[in-house]
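Welcome, and thank you for joining this walk through a protein model. Please open your viewer and keep the selection box handy.

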Amino acid sequence: MISVNNLTMRYGAKVLFEDVTTSFTPGRRYGLTGPNGAGKTTFMKILAGDLEPQQGSVVRPRKCGVLRQDQFAFDAYRVIDTVIMGNKPLWAALEERDRIYAKAEMTDEDGMRLGELEGVIGDEDGYTAESGAAVLLDGLDIPEPLHERKMAELQGGQKVRVLLAQALFGKPEALLLDEPTNYLDLESIHWLQDFLVNYDGTLIAISHDRHFLNSVTTHTADIDYQTIITYTGGYDQMVLAKTQIRARLEAENAQREKKIAQLNDFIARFAAGTRSSQVTSRRKEVERLQSNELARSNIQRPYIRFDQTRPSGKHVLECKDLTKSYGDLTVIKGFAAHVLRGEKICLMGRNGAGKTTLLKCLLANYAGLADPDFSPEAGSAVWGHEAQAGYFPQDVGAIIDSGIERGLTVAEWLHRWKPEAHMEDIRGILGQMLFSGEEGAKPTAALSGGEQARLAFCKLILTKPNVLILDEPTNHLDLEAINALNIALQRYQGTVLLVTHDHDVIDEVATRLWVFHKGEIEDFQGPYAEWKGKHN
């Protein structure tokens with residue numbers, strides 16, 4: 001069990017949570033929710049012991065698996081060893097044993113100590129540690145040839161998956177996972193979901209993946225109103241319960257306000273008259289009913305709506321025998337497809353399978369969006385009549401700086417994409433995406449990842465393309481923004497090419513799938529539910 005007593009954390013005048021007392025029970029799986037900036041990661045660091053609270057205390061079990069965010073901390077170690085480090089008592093025993101064996105001569109005390117260490121290693125399943133670590137790595141798509149490599153040789157996304165395996169290793173009594181689905185493809189996410197559903201310890205997970213939370217969690221600990229309230233059920237059940245509770249409180253407050261207004265009206269009319277005793281009793285009633293102001297929620301919901309300046313022609317894109325290689329590795333081989341207006345195509349597959357490469361190849365001859373490094377060796381991609389593409393790249397920060405001089409404010413940056421637009425329209429779009437008031441004067445260089453993503457969506461809202469090409473658009477977005485994007489894509493009348501690992505977005509938006517698997521691309525003419533039924 002993890003228990004929290006009288007916990008308080010604030011930064012300056014901003015209170016994240018105050019005097020919180022709660023507990024997290026073994027056998028339950030908790031989603032830790034709240035908008036960006038609510039304090040989720042801060043709370044998780046306090047639970048892990050990486051950050052001291054300003055007030056209060058935390059009691060945690062001896063073995064606690066924590067997903068570490070520092071990708072470079074283990075660069076000097078083998079991948080397999082990095083995973084085994086997740087069991088601290090085992091790793092400490094293995095290291096001490098190796099130091100003793102490295103001595104030129106061992107004393108009797110060394111021999112006795114080796115016996116003790118072998119006992120610890122046996123108790124911690126150390127003799128099967130490498131095989132157990134290998135199973136976790138395979139499930140998270142880290143193939144066996146990489147297990148003996150140094151962490152420094154891995155790419156960023158691979159490192160994150162190794163650190164996730166480290167958190168899961170050694171049968172910890174509690175798991176603390178901050179955004180565990182980041183950098184995971186859909187297959188790895190499903191593997192992780194199955195693993196966690198069968199985990200019998202205490203799980204606390206932060207995630208912006210609604211389907212993941214609904215599939216895995218049994219309870220939801222929501223950070224809002226400067227406190228933490230635990231609800232039974234997954235994310236959707238929490239939202240429903242929270243909405244009902246808030247509506248009831250607001251209705252009760254409205255009734256009290258109405259009653260107070262009636263009493264005050266009576267007091268005003270008869271205060272100077274002969275009914276002084278009745279006036280006095282009503283004043284006491286007003287004091288009793290005086291409603292406390294309801295705490296304000298810190299949840300902010302963006303409003304996303306994609307329109308078109310004008311529709312494209314019926315035939316949006318024609319691909320013929322498209323081929324792209326990197327050295328001896330052919331990523332795309334002879335791909336052919338015909339895209340019609342209004343289709344919403346999701347590109348699915350393992351990380352590194354070629355999804356981003358295909359998008360960039362499709363844009364190889366599109367003015368303003370072409371990248372010469374992604375010109376195909378063979379074949380062609382021809383855009384149809386009146387097709388106007390809007391592109392959201394995986395590295396969204398790149399479009400904030402490219403093509404336009406730096407040093408601009410948020411409002412100035414957006415205005416440059418459509419100089420004829422009125423500033424009132426610019427401010428309106430920024431307000432929709434939560435850049436209200438002074439936020440529009442914020443320098444683009446100071447934006448967080450989530451703010452950069454929201455500003456990129458502002459550009460698409462302003463320019464109104466009839467083809468949206470979106471590469472991992474849900475990265476850096478909180479749950480409210482992802483839900484708003486999901487709804488906006490469902491309602492959009494134009495054509496969509498989308499790379500995402502968000503299960504709900506794929507399931508609810510896509511009308512067609514391009515599925516990457518072992519160098520081949522399957523063109524499935526139907527939604528995800530049909531494809532899944534066919535492949536199960």
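Below is a series of stops, each with something to select and a note on what is there.

**The whole chain**

Begin with everything shown. Keep in mind that this is a predicted model. The protein chain has 536 residues, and 49% of them count as buried. Measured out along the principal axes, its C-alpha atoms fill a box of roughly 100 × 80 × 50 Å. Switch to a cartoon view and you will be looking at 18 helices and 18 strands. Among the contacts in the chain with a separation of 6 or more, 67% are between residues 24 or more positions apart.

**Stop one: strand β2**

Select residues 14–24, which make up strand β2, and find aspartate 19 within that strand. Most residues other than glycine have a negative phi. Aspartate 19 is not a glycine, yet its phi is positive, at about 55 degrees. Is aspartate 19 buried, exposed or partly exposed? Its relative accessibility is 45%, so aspartate 19 counts as partly exposed.

**Stop two: helix α1**

Now select residues 40–48. This is helix α1, and it is mostly covered, with seven of its nine residues buried. To see which ones, colour Lys40, Thr42, Phe43, Met44, Ile46, Leu47 and Ala48. Then step on to glycine 49, which follows α1 and has a positive phi near 85 degrees.

**Stop three: helices α5 and α7**

Select residues 186–197 to bring up helix α7. With twelve residues at 1.5 Å a residue, α7 should span 16 Å, and its end C-alpha atoms are indeed 16 Å apart, so the two values agree. Which residues of α7 are buried? They are Leu186, Ser188, Ile189, His190, Leu192, Gln193 and Leu196. A helix has 3.6 residues a turn, so residues three or four places apart point the same way.

Add residues 129–139, which form helix α5. Two packed helices are described by the angle between their axes and the distance between the axes. For α5 and α7, the angle is about 135 degrees and the axes are 9 Å apart. That angle makes α5 oblique to α7. Show side chains for the residues that make the contact: Val135, Leu136 and Gly139 on α5, with Ser188, Trp191 and Phe195 on α7. Sorted by class, this contact of α5 with α7 has four nonpolar residues, two polar ones and no charged ones.

**Stop four: helix α11**

Move along to residues 355–362, which form helix α11. Six of the eight residues of α11 are buried, so this helix is largely enclosed by the rest of the structure. Those buried residues are Lys355, Thr357, Leu358, Leu359, Cys361 and Leu362.

**Stop five: the loop between β13 and β14**

Select 378–383 for β13 and 389–392 for β14, then look in the loop between them for glutamate 386. Here is another residue that is not a glycine but has a positive phi, this time about 65 degrees. Glutamate 386 has a relative accessible area of 31%, so it is partly exposed.

**Stop six: helices α14 and α15**

Select residues 423–432 for helix α14 and residues 449–463 for helix α15. How do these two helices cross? Their axes come within 9 Å and cross at roughly 130 degrees. The two helices are therefore oblique to each other. The crossing in which α14 passes α15 is right-handed. On the α14 side the contact is made by Ile426, Ile429, Leu430 and Gln432, and on the α15 side by Leu455, Cys458, Ile461 and Leu462. These residues divide into seven nonpolar, one polar and no charged.

**Last stop: the loop between α14 and α15**

Finish in the loop between α14 and α15, where you can pick out glutamate 438. Glutamate 438 has a relative accessible area of 74%, so it is exposed. Turn on a distance label from glutamate 438 to valine 410: the two are 28 residues apart in sequence and 10.0 Å apart, C-alpha to C-alpha.

Alanine 445 is found in this loop between α14 and α15 too. At 75% relative accessibility, alanine 445 counts as exposed. Draw one more line, from alanine 445 to glycine 349, which is 96 residues away along the chain; their C-alpha atoms are separated by 33 Å.

Definitions and conventions:
Residues are numbered from 1 along each chain as its sequence is written. This is a predicted model: local features need pLDDT of at least 70, side-chain atom pairs count only at pLDDT 80 or more; totals for chains, interfaces and linings use all residues. Side-chain values use heavy atoms; hydrogens and water are left out. Axes are lines fitted to C-alpha atoms, for helices over the stretch in contact, and angles run from 0 to 180 degrees between N-to-C directions. Helices (H or I, at least four residues) and strands (E, at least two) are DSSP runs, numbered from the N terminus. Angles under 35 degrees count as roughly parallel, over 145 as roughly antiparallel, 65 to 115 as roughly perpendicular and the rest as oblique. A crossing is left-handed if the near helix is turned anticlockwise from the far one by less than a right angle, and right-handed if clockwise. Contact means heavy atoms within 4.5 Å. Ala, Val, Leu, Ile, Met, Phe, Trp, Tyr, Cys and Pro count as nonpolar, Asp, Glu, Lys and Arg as charged, and the others, Gly among them, as polar. The expected span of a helix is 1.5 Å times one less than its number of residues. Buried means under 20% relative accessible area, exposed over 50%, partly exposed in between (1.4 Å probe, protein chains only).
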